[in-house]
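Subject: Structure handover

Hi,

Here is the structure I said I would pass on. Have a look at it first, and then read my notes below.

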Amino acid sequence: MTTIRTGFHRSAVAAAVVLALAGAAQAQLSSATIQGQITSGTAAAQAGLPVTAVNTANGNTYRTTTRADGSYVLPGLAPGVYEIRVDAAGGAQKSQRITVQVGETASVDLALGAAGQQVTIVGTLQRKDVRTSEVGTSVSRKQIEALPQVTRNFLSFADMAPGVRFDVDQGSGQTTLKSGAQNQDNVNVFIDGVGQKNYILRGGISGLDSTRGNAFPQSAIAEYKVISQNYKAEFDQVSSVAITAITKSGTNEFHGEAFIDRTGANWTAADPFEKKAEAAGVKRPSTSQKQYGFALGGPIKQDVLHFFVAYDGKDIEEPRQVIAQRADQLPNAGIVPGLLARQGSTKSTFQENLLLAKLDAQIADDQKLELSVRYRDESDRVPEDKLISLPGNELDRENTENRVTLKHEWTRGDVLSEARLGYEDYTWNPHSAANTPLVRYLASPTNNINNIGDVLLDGGSPNMQRRQQKGVFVSEDLTFTGLAGHTMKGGVKLKDLKFALSGTFRGVDSVRTIIDKVTGQPYYDPGNVSCLGTSQETINGRILKSDQCQIDPAVTPVGVSFKNQQIGLYFQDDWKLSKQLELNLGLRWDYETNALNDDYATPADRVAALRGLDGVRANITPAPGQTYAQSLAKGGIDIEQYISNGNSRKAFTGAWQPRVGFSYDLTGDRSSVIFAGAGRAYDRAMANHALDEMQKNAQPNGEIWLIKNDHKMPFTDQYTLGLRQAAGIWNTEVALSRSHAKNQFNWFGGNRDPNGGFGTQSSIDPLWGGPNGYGTLVLGDFVTQAKTDMLYLKADKPYTTDSGWAVSVAYTYSDAKTTHRSWTNDIFNWTYGKSTAGWNPSLDVDKHRLVATGLSDKLLPWGVLLSGKLTYAAGRIRQLTDCSAGFNNCVYRVGDKDDLTQFDLGVAKSFSLPLGKVSIRIDVLNLFNTVTYGGYDDWVGGPGNPKNYLGGDNANLGVPNSRGAPMRTYKLGLAYSW
């Protein structure tokens with residue numbers, strides 16, 4: 001570790017030097033910029049004219065002066081409404097009101113009137129942000145509040161951006177955010193300029209796809225921007241979708257709101273599976289989902305100090321119908337009547353508390369201070385199997401998160417400094433809701449455990465894990481606008497992290513027992529936790545195996561803790577060569593000292609086995625004296641590249657990321673703008689891979705999991721060419737883009753037969769044993785690629801108070817491919833190396849996707865707000881597994897997945913009261929109650945002879961087995977605001 005720390009300190013010194021040489025920087029992750037040209041008559045205004053922007057909500061003031069050519073730049077503005085003023089000879093000027101959004105660079109040209117009596121805006125503010133190479137879509141507070149949804153997750157509207165999907169798994173309730181065929185782990189969300197990266201688990205940001213909850217309280221979000229291509233050098237640890245959001249702040253007036261939403265099973269239409277269960281006599285339970293909270297903000301001292309606090313709570317009762325399977329094969333005797341009596345309706349519960357508290361202070365005319373504190377706590381009860389888990393057979397997934405961020409902003413002339421200091425502590429702790437053994441009750445026509453079917457599950461959940469990322473960071477971002485035509489930005493971030501990873505995949509004994517088809521008794525003795533039956537095997541004094549029972553004993557938890565330091569440097573120059581042409585030139589470099597527990601040494605017993613003599617496997621006898629390593633070498637695997645001695649693994653240093661782009665205003669009035677961009681963006685690998693390696697290798701004579709010593713961090717190359725065109729009151733955009741993701745991490749099957757091949761094993765699961773005395777060999781490497789070519793068209797008419805309506809439409813055509821042999825973006829690519837992988841179609845991307853939203857507060861009478869969202873997705877495929885030529889010759893074929901057509905509707909009405917107003921709203925998801933399936937039984941046989949994966953007849957071939965979209969759901973909301 002001494003070497004690591006020394007390297008980190010040297011890197012920090014280098015960072016300071018680079019930053020000093022850069023001379024300037026500014027990050028727009030949580031701010032906006034207003035820039036433009038000031039003219040007087042027909043000529044450019046004189047240099048040195050004071051330009052002032054005052055935030056109308058809290059009085060914060062931003063100042064600059066015009067440059068030699070009459071241009072000006074006001075960077076680092078908090079998104080909001082500003083009064084902009086130019087002070088020229090002749091007296092104070094009339095101000096103009098301008099609204100800027102997060103991440104926006106607004107081009108606003110101003111003209112000075114005669115005798116210095118007025119300032120006018122040249123052109124329309126509707127297209128103030130089109131001169132950029134960035135591909136982004138803004139989501140306003142109006143849209144967040146008005147558009148229909150059930151979850152109160154502000155990310156639900158990220159799919160308004162072309163090619164972006166926000167998916168909710170209908171089985172688990174977990175959410176994912178992704179773009180194209182890229183991995184969902186490669187997204188990042190920046191809240192007030194701070195990345196929420198998840199370093200330990202999947203999903204990109206902390207707690208996104210490991211919970212039914214929300215990553216952040218929606219009540220605290222003011223607005224956000226979705227950037228899918230050509231993000232600038234400020235953005236780190238992201239190579240897919242970047243979302244930058246800004247939270248609300250207190251103003252010079254006290255404002256607050258309190259709300260409660262409700263939906264439930266009785267307000268949700270039954271899906272086909274629930275109807276089938278009801279027909280079998282198992283009714284849906286009466287359940288509810290409630291969301292509630294409040295927000296409050298205001299002044300502590302006018303124009304100087306403001307506060308804001310927001311709380312969101314959520315309680316979910318998820319209906320579940322427990323139905324015993326293969327009950328017709330069991331007698332009405334023994335434990336069977338008692339077991340069957342326990343089937344029926346039950347609930348799985350979820351509770352969440354989210355809190356944000358924030359202070360903003362103008363501590364001097366040129367200095368601002370912001371302190372924010374965030375808290376999150378969740379408990380999520382999830383059954384082992386939604387259909388056959390008896391009540392209590394559940395996993396309790398706990399999520400806790402604490403973050404504190406302090407930001408200091410200083411501006412002086414043409415220099416802006418933004419310094420941040422932050423702390424984070426995120427813990428994910430799934431564990432059994434009961435400490436009793438997991439018992440899987442089975443039915444068997446032959447009373448043999450090799451010919452079985454599940455009946456019911458009882459007892460505890462075997463999963464017991466604890467993951468924690470904890471750390472502090474400091475960052476400095478500078479902006480320099482003193483050079484005419486240039487807005488130069490640069491910055492440095494240093495982060496010190498500690499990963500504490502522990503757990504076991506089997507925290508309680510796991511029992512599989514047949515229920516005797518005559519006596520109705522299990523072949524399991526719960527008092528002694530031992531097997532009964534014939535051909536008993538005693539291991540360590542316990543009967544753990546028979547022909548009718550098998551017990552896998554609990555496994556002692558294994559843990560690892562290691563530190564990781566991160567450094568990030570960037571420089572960006574937005575260079576305005578002329579009134580029409582602007583170049584965006586950026587370069588970024590990121591480095592981590594210890595991303596994957598690089599001090600780890602492969603256990604000696606595993607090393608000896610891998611280098612030892614090979615044995616007969618897959619009915620192939622190795623040559624005399626041939627080692628297991630030599631067998632692997634015949635299959636193209638150099639196992640020495642995976643064996644670590646504690647000093648074999650080196651940190652990756654090559655994360656250089658050029659990002660360039662341009663925009664050209666064809667006519668100079670922002671009505672037609674050509675834009676293009678190209679760039680590389682690096683992400684990182686999950687620290688959990690290191691725990692997988694350690695856990696598996698800690699089991700005596702168990703599996704062998706190894707990560708390749710030569711780390712190659714994942715990255716994406718992006719390319720875009722497009723046109724933005726004004727069409728009356730509409731803004732339109734059309735573009736071609738490509739993203740090519742490389743070095744995606746995958747675990748894959750490392751076993752090879754003595755000839756270096758997969759022998760006669762299945763092409764689907766080649767998982768026979770590893771070296772003598774050990775289980776299968778699993779290798780981890782950065783080997784998978786994915787690419788997506790997209791054509792997208794976008795049109796939007798922004799909301800204005802005068803018009804009272806807004807519409808956005810985004811259509812995307814995608815051609816997506818992956819080298820993953822299962823055609824997904826999963827981290828398990830088991831048959832990698834079976835043959836030349838090539839490019840496969842992606843299961844994760846719709847060929848056609850249309851998302852349209854609209855809202856109006858003037859279309860219906862009495863001030864009723866009407867809103868809607870239409871989602872249409874088509875052309876996604878299914879993977880059919882065809883084993884008609886034999887189990888060891890299975891191949892994949894393409895099938896069609898259901899199209900998705902979902903229309904959501906929202907209606908709201910507000911009533912004024914003496915001290916505020918009350919709002920009532922109804923949201924209806926999937927108004928037309930269309931059925932979309934998520935999965936099917938897709939094991940295919942020959943013509944007229946369908947077979948399942950075991951080679952038997954498959955009567956369920958092509959039959960849906962899961963729901964893919966919500967059924968019609970009503971939500972009632974009540975809010976009081978003042």
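Why is helix α7 (residues 688–697) largely enclosed by the rest of the structure? It comes down to burial: 10 of the 10 residues of α7 are buried, so the helix is largely enclosed by what surrounds it. Before I go further, please keep in mind that this is a predicted model.

**Helix α7**

The buried residues of α7 are N688, H689, A690, L691, D692, E693, M694, Q695, K696 and N697. As for what covers them, the list includes the strands β27 (464–480), β28 (486–504), β35 (558–576), β39 (704–707) and β41 (730–749), and also helix α5 (604–611).

I picked out one residue of α7 to follow up, namely Q695. Q695 has a relative accessibility of 4%, so it counts as buried, the cut-off being under 20%. A polar atom of the Q695 side chain lies 2.5 Å from the backbone oxygen of G503. If you set aside neighbours within four places in sequence, the contacts of Q695 are Q465, S502, G503, T504 and V558.

**A five-stranded sheet and the core around it**

Next, have a look at the open sheet of five strands, ordered β11-β16-β17-β14-β15 with mixed pairing. At its edges stand β11 (135–139) and β15 (194–195); each has a single partner strand, so one side of each is left without a neighbour in the sheet. Strands β16 (residues 221–229) and β17 (residues 242–247) pair in the antiparallel sense, over six bridges. One of the residues to look at here is I221, whose bridge partner in β17 is T247.

I221 also turns up in the largest nonpolar core, which has 30 residues. The members that touch the most others are F154, L155, L177, I221, Y224, V226 and I243. Two or more residues of this core come from each of β12, β14 (188–191), β16, β17 and β20 (305–322), and β16 gives the most, with three. Leaving out neighbours within four places in sequence, I221 is in contact with R141, I144, F154, I191, F216, A245, I246, T247 and K248.

There is another core, lying apart from that one, with 25 residues that include V322, Y523, L544 and I551. I551 belongs to strand β34 (residues 549–552), where the side chains alternate: C549 and I551 point to one face and are buried, while Q550 and D552 point to the other face and are not. β34 pairs with β29 (residues 510–514) in the antiparallel sense, over four bridges, and the residue opposite I551 is V511.

**Aromatics**

How many aromatic pairs does a search of the whole structure find? The count is 25. Take F154 and Y224: their ring centres are 5.1 Å apart and their planes are at 75 degrees, so this pair is edge-to-face. F154 sits in the loop between α2 (141–146) and β12 (164–168), and Y224 in strand β16, so the pair ties together parts that are 70 residues apart in sequence. Both F154 and Y224 are buried.

Elsewhere, one aromatic cluster is formed by W705, F745, W747, F782, F828 and W830.

Two lysines also have their charged ends over tryptophan rings. For K787 the ring is that of W839, with the charged end 4.3 Å from its centre. For K797 the ring is that of W805, and the distance to its centre is 4.6 Å.

**Two asparagines with positive phi**

Last, please look at the backbone of two asparagines. N597 is not a glycine, yet has a positive phi of about 55 degrees. You will find N597 in the loop between β36 (581–592) and α5. With a relative accessible area of 6%, N597 is buried.

N929 likewise has a positive phi, near 55 degrees, in a residue other than glycine. The place of N929 is the loop between β50 (916–925) and β51 (933–936). Is N929 buried or partly exposed? Its relative accessible area is 22%, so N929 is partly exposed, buried being under 20%.

Shout if you want to go through any of this together.

Cheers

Methods: Residues are numbered from 1 along each chain as its sequence is written. This is a predicted model: local features need pLDDT of at least 70, side-chain atom pairs count only at pLDDT 80 or more; totals for chains, interfaces and linings use all residues. Side-chain values use heavy atoms; hydrogens and water are left out. Buried means under 20% relative accessible area, exposed over 50%, partly exposed in between (1.4 Å probe, protein chains only). Contact means heavy atoms within 4.5 Å. Two strands pair if DSSP finds at least two bridges between them. A polar contact is a pair of N or O atoms within 3.5 Å; within protein, one must be able to donate a hydrogen and the other to accept it, and residues adjacent in sequence count only if both atoms are side-chain atoms. Rings of Phe, Tyr and Trp (its six-membered ring) pair if their centres lie within 6.5 Å; planes under 30 degrees apart count as stacked, over 60 as edge-to-face and the rest as tilted. A charge sits over a ring if NZ of Lys or CZ of Arg is within 6 Å of the ring centre and within 35 degrees of the ring normal. A nonpolar core is a set of buried Ala, Val, Leu, Ile, Met, Phe, Trp, Tyr and Cys residues joined through side-chain atoms within 4.5 Å.
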